[in-house]
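Trainee: I'd like to learn how to read salt bridges and burial in a model like this one. Can we go through it together?

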Amino acid sequence: MGMEELDEQDWDDAIEILCQSKADELILVGYEHVTSKDVWNCVSHKYEKEGIPPLHKLVNDILSLKATSFMNYLTMSALRGSTFE
């Protein structure tokens with residue numbers, strides 16, 4: 001199934017599953033309160049200027065997210081005054 005065959009709901013469901021998988025992984029290594037939304041906010045933050053990339057790049061960015069990169073994002077967001085929900 002190519003990207004052109006995915007409707008918006010399928011796209012959202014696939015991204016949610018990937019982000020939840022990464023959140024579960026981060027929880028296993030000690031980051032207790034990570035949610036799939038936190039993972040998505042971290043990964044999508046770098047797409048603000050250029051827009052959402054092709055699906056294969058998005059999948060790679062989610063699954064290759066390192067705990068240190070995630071924590072750096074949270075730290076920088078806190079310093080900028082972002083709220084975490």
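Mentor: Sure, and keep in mind that this is a predicted model. Let's start with a pair: the side chains of lysine 22 and glutamate 25 form a salt bridge, at 3.1 Å from N to O.

Trainee: Where do lysine 22 and glutamate 25 lie?

Mentor: Look at the spacing along the chain. Both residues are in helix H1, 3 residues apart, which is about one turn of the helix.

Trainee: Is lysine 22 buried or exposed?

Mentor: The idea is to compare relative accessible area with a cut-off: buried means under 20%, and exposed means over 50%. Lysine 22 has 2% relative accessibility, so lysine 22 counts as buried. Its partner reads otherwise: glutamate 25 has a relative accessible area of 40%, so glutamate 25 is partly exposed.

Trainee: How many salt bridges does a search of the whole structure find?

Mentor: The search gives 3 salt bridges. Another one joins the side chains of lysine 46 and aspartate 61, with 3.7 Å from N to O. Lysine 46 sits in the loop between H2 and H3, while aspartate 61 belongs to helix H3, so this pair ties together parts that are 15 residues apart in sequence.

Trainee: And how do I read the burial of lysine 46 and aspartate 61?

Mentor: Use that cut-off again. Lysine 46 is at 48% relative accessibility, so lysine 46 is partly exposed. Aspartate 61, at 10%, counts as buried.

Trainee: Which residue does lysine 57 meet in a salt bridge?

Mentor: Lysine 57 meets aspartate 61, side chain to side chain, at 3.1 Å from N to O. Lysine 57 and aspartate 61 are about one helical turn apart, because they are 4 residues apart in helix H3. Lysine 57 is partly exposed, given a relative accessible area of 34%. When bridges share a residue, read them as a group: Lys46, Lys57 and Asp61 are linked in a network of salt bridges.

Trainee: Let's step back to the fold. How many helices and strands does the protein have?

Mentor: Count the elements, then read their order. There are 4 helices and 0 strands, and the pattern along the sequence is α-α-α-α. For contacts, sequence separation is what to look at: of those between residues at least 6 apart in sequence, 53% join residues at least 24 apart.

Trainee: What share of the protein is buried, and which residues of helix H2 are buried?

Mentor: Of the 85 residues in the protein, 27% are buried. In helix H2, residues 36-45, the buried ones are Ser36, Asp38, Val39, Cys42, Val43 and Ser44. Next, ask what they pack against: for the buried residues of H2, that is H1, helix H3 (55-63) and helix H4 (67-80).

Trainee: What about the outside? Which residues form the negative surface patch?

Mentor: The patch consists of Asp7, Glu8, Asp10, Asp12, Asp13 and Glu16. Take one member and place it: aspartate 7 is in the segment before helix H1 (8-28). With 43% relative accessibility, aspartate 7 counts as partly exposed. For the surface as a whole, the protein exposes about 5,900 Å², and carbon and sulfur atoms supply 55% of that area.

How values were computed. Residues numbered from 1 in each chain as written. Predicted model: local features only at pLDDT ≥ 70, side-chain atom pairs only at ≥ 80, totals over all residues. Heavy atoms only, no water. Patch = residues over 30% accessible without salt bridge, like charges linked within 9 Å, V, L, I, M, F, W, Y side chains within 5 Å. Areas by Shrake-Rupley, 256 points an atom, 1.4 Å probe, with all protein chains shown as cover. Salt bridge = Lys/Arg side-chain N within 4 Å of Asp/Glu carboxyl O. Lys, Arg positive; Asp, Glu negative; His and termini not counted. Charge placed at Lys NZ, Arg CZ, Asp CG, Glu CD. Helix = DSSP H or I, 4+ residues; strand = E, 2+ residues; numbered from the N terminus. Buried < 20%, exposed > 50% of the residue type's maximum accessible area, 1.4 Å probe, protein only. Contact = heavy atoms within 4.5 Å.
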